[in-house]
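User: I'm new to reading protein structures and would like to learn how the labels are earned. Could we go through some together?
Analyst: Gladly! Here is the structure.

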Amino acid sequence: MFRFFLATIFSFVFLGVISGCSSTAEQEKTLSAGLVAHLNKFKTYPIASQLAGVEGTTQLRFTIDGDGNVVSYELVQSSGNVDLDAATLELIRRAQPLPKPPADLMKDGPITIIAPFIYSLDGNI
């Protein structure tokens, strides 16, 4: 069957620390896991793209505030297919608000995240 995969690796651009975690790697992993779980609820793989055998990867940069609201977003890497690109942009619109980040992380302002979204027919990432 056709599948859509959201890569579980996020690039984080932020200042600050998440309390309750012993290392930066753990902090990023904790935040990433929550975001991935949330975003996965809203993922779709356009039927027309599936039927045409279209695969691709997009990268989306988005900024969230302390309440989990997406304050800005943009596609920073196109898949080369308009339908896959549109599905990625629609995903971030439907997924709002995102899980609220820990207050300690937000003391230096909003968080900017770059997330890859992989559309694969065979499920390989």
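User: How many aromatic pairs does a search of the whole structure find?
Analyst: In this predicted model, the search finds 1 aromatic pair. Its partners are Tyr-45 and Tyr-119.

User: Why is the pair of Tyr-45 and Tyr-119 called edge-to-face?
Analyst: The ring centres of Tyr-45 and Tyr-119 are 5.4 Å apart, with 85° between the planes. Centres within 6.5 Å count as a pair, and planes over 60 degrees apart count as edge-to-face, so both labels fit.

User: What makes this a link between distant parts of the chain?
Analyst: Tyr-45 sits in the loop between α1 and α2, while Tyr-119 belongs to strand β5, and the two are 74 residues apart.

User: How do you know whether Tyr-45 and Tyr-119 are buried or exposed?
Analyst: Look at relative accessible area: Tyr-45 has 7%, and Tyr-119 has 2%. Buried means under 20%, so Tyr-45 is buried, and so is Tyr-119.

User: Why does His-38 count as buried?
Analyst: The same kind of check works here. His-38, in helix α1, has 13% relative accessibility; the cut-off is under 20%, so His-38 counts as buried.

User: What does the side chain of His-38 reach?
Analyst: That side chain reaches the backbone oxygen of Pro-97 at 3.3 Å, and the limit for a polar contact is within 3.5 Å. His-38 also touches Ala-95, Leu-98 and Pro-99, among residues beyond four places away in sequence.

User: Which element gives the most to the largest nonpolar core?
Analyst: The largest nonpolar core has 23 residues, and β5 gives the most, with 5 residues.

Key: Residues numbered from 1 in each chain as written. Predicted model: local features only at pLDDT ≥ 70, side-chain atom pairs only at ≥ 80, totals over all residues. Heavy atoms only, no water. Core = buried A, V, L, I, M, F, W, Y, C linked by side-chain atoms within 4.5 Å. Buried < 20%, exposed > 50% of the residue type's maximum accessible area, 1.4 Å probe, protein only. Helix = DSSP H or I, 4+ residues; strand = E, 2+ residues; numbered from the N terminus. Polar contact = N/O pair within 3.5 Å; in protein donor to acceptor, adjacent residues only side chain to side chain. Contact = heavy atoms within 4.5 Å. Phe/Tyr/Trp six-rings, centres within 6.5 Å; stacked < 30°, edge-to-face > 60°.
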